[in-house]
Amino acid sequence: MDPEISDQRSAVEQYLRARPALVRWRERLAGRRYRLANLKDRPQPLFVIACQFRDSERATELAWAIEHDWAEVPARCREVYDEILFRAPQLVVIQLHRTNVCGCLGHRHVAVRETPFAMPHEAFGGEHAGEMDIAFDRVRTWQALPLSETALDAKFLAGSRLEEFHAAQFRLRLLSIVLHEMNHLVLPREPEASVRERSMAFYREALAAYTENAIATLSLTIDRSFSRLG
Ligand SMILES: [Zn+2]
């Protein structure tokens, strides 16, 4: 991990722990939980996934997408977001919802609503944090690329490979939405059409690369078992 970001992680953890006990008890009783996540190769942003206790597993899945799937995506997909991530606030809150009343998959927030991060603090560089929300369960049922996704499904047939593929596909969707909202946060004037084009291209290419990889390792296992038979 980048030393800069690991310092920042500890600074934020320390900041959260150093708040008055009463505030922390109230927060825990209300079921509020925070989980930190960062992109492996970037000094910023540090993400704080804010969720209810009942959604802890969802938060873990989102953190996995940010911390692991991002690192597995081809470099050319990550490079497209170089400038956006470079200009990102040091700390970005992701409010994890199950659904949104409006039916959107996510939004950027103009001001931070999550109380502990609403005001600038030295733990996050003395500047304002950024904030977005994600409608986790909506993303699961979202038909991002209906035609090509069905075509890819056929390559994995049924069974555990298909399940693995669906899980990875879902996490790549989550990741593309985080990047989409980051894009809005950093470049608020960029039109939706081009923000969307960038995040959809990211998703499409990342998914294609995952599939290619998975199929390559799959045929390798098949070859090996055949040679063992011979
Ligand atoms: Zn948008």
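## A guided tour from the sheet to helix α8

Begin by selecting tyrosine 34, whose bridge partner in β2 is alanine 50. Strands and helices are named here as DSSP runs, numbered from the N terminus: strands are E runs of at least two residues, and helices are H or I runs of at least four. The model is a predicted one, in which local features need pLDDT of at least 70 and side-chain atom pairs count only at pLDDT 80 or more, while totals for chains, interfaces and linings use all residues. Residue numbers start from 1 along each chain as its sequence is written.

**The sheet**

Extend the selection to residues 46–52, the strand β2, which runs antiparallel to β1 and is joined to β1 by seven bridges. Two strands are said to pair when DSSP finds at least two bridges between them. Now display the whole sheet: five strands form an open arrangement with mixed pairing, in the order β1-β2-β3-β5-β4. The edges are taken by β1 (32–38) and β4 (106–109); each has a single partner strand, so one side of each lacks a neighbour in the sheet. From one strand to the next, the twist averages 25°.

Next, add residues 160–186, helix α8, which packs on the sheet and touches β3 (91–97), β4 and β5 (130–135). The direction of α8 makes about 30° with that of β4. Such angles run from 0 to 180 degrees between N-to-C directions, the axes being lines fitted to C-alpha atoms, for helices over the stretch in contact. Contact between two residues requires that their C-beta atoms, placed from the backbone, lie within 7 Å.

**Strand β5 and its partners**

Select β5, where six of six residues are buried. A residue is called buried if 20 or more other C-beta atoms lie within 10 Å of its own, exposed if 12 or fewer, and partly exposed in between, with C-beta atoms placed from the backbone. Both faces of β5 are covered, with Gly130, Met132 and Ile134 on one side and Glu131, Asp133 and Ala135 on the other.

To one partner, β3, strand β5 is paired in the parallel sense over six bridges; glutamine 95 stands opposite aspartate 133 of β5. To β4, the pairing is antiparallel, with four bridges; here histidine 109 stands opposite glutamate 131 of β5.

**Helix α3 against helix α8**

Two packed helices are described by the angle between their axes and the distance between the axes. Select residues 56–72, helix α3: its axis and that of α8 come within 9 Å and cross at roughly 85°. That makes α3 roughly perpendicular to α8, a label for angles of 65 to 115 degrees, whereas those under 35 count as roughly parallel, those over 145 as roughly antiparallel and the rest as oblique. Show side chains for Glu61, Leu62, Trp64, Ala65, Ile66, Asp69 and Trp70 of α3, which meet Arg171, Leu172, Leu174, Leu175 and Val178 of α8. By class, this contact has nine nonpolar, no polar and three charged residues; Ala, Val, Leu, Ile, Met, Phe, Trp, Tyr, Cys and Pro count as nonpolar, Asp, Glu, Lys and Arg as charged, and the others, Gly among them, as polar.

Centre the view on tryptophan 70 of α3. Is tryptophan 70 buried or exposed? Tryptophan 70 has 24 other C-beta atoms within 10 Å and is therefore buried. Apart from neighbours within four places in sequence, tryptophan 70 is in contact with Leu39, Lys40 and Leu175. A distance label from tryptophan 70 to leucine 175, C-alpha to C-alpha, will read 7.5 Å, for a sequence separation of 105 residues.

**Helix α1 and a cis peptide bond**

Move to residues 3–17, helix α1, and pick valine 12. Valine 12 is buried, with 22 other C-beta atoms within 10 Å. Beyond its neighbours within four places in sequence, the contacts of valine 12 are Leu36, Leu46, Leu91, Ala123 and Phe124. Glutamate 122 lies 110 residues from valine 12 in sequence and 9.2 Å away, C-alpha to C-alpha.

Then select glutamine 44 and proline 45, which are joined by a cis peptide bond with omega about 0°. Proline 45 belongs to the loop between β1 and β2.

**The whole chain**

Finally, zoom out to the full chain, which holds nine helices and five strands. The radius of gyration is 19 Å, close to the 17 Å of the globule rule for 230 residues, so the chain is as compact as a globular protein of that length. That radius is taken over C-alpha atoms, and the rule is 2.2 Å times the number of residues to the power 0.38. Along the principal axes, the C-alpha atoms fill a box of roughly 70 × 40 × 35 Å. Of the 230 residues, 30% count as buried.
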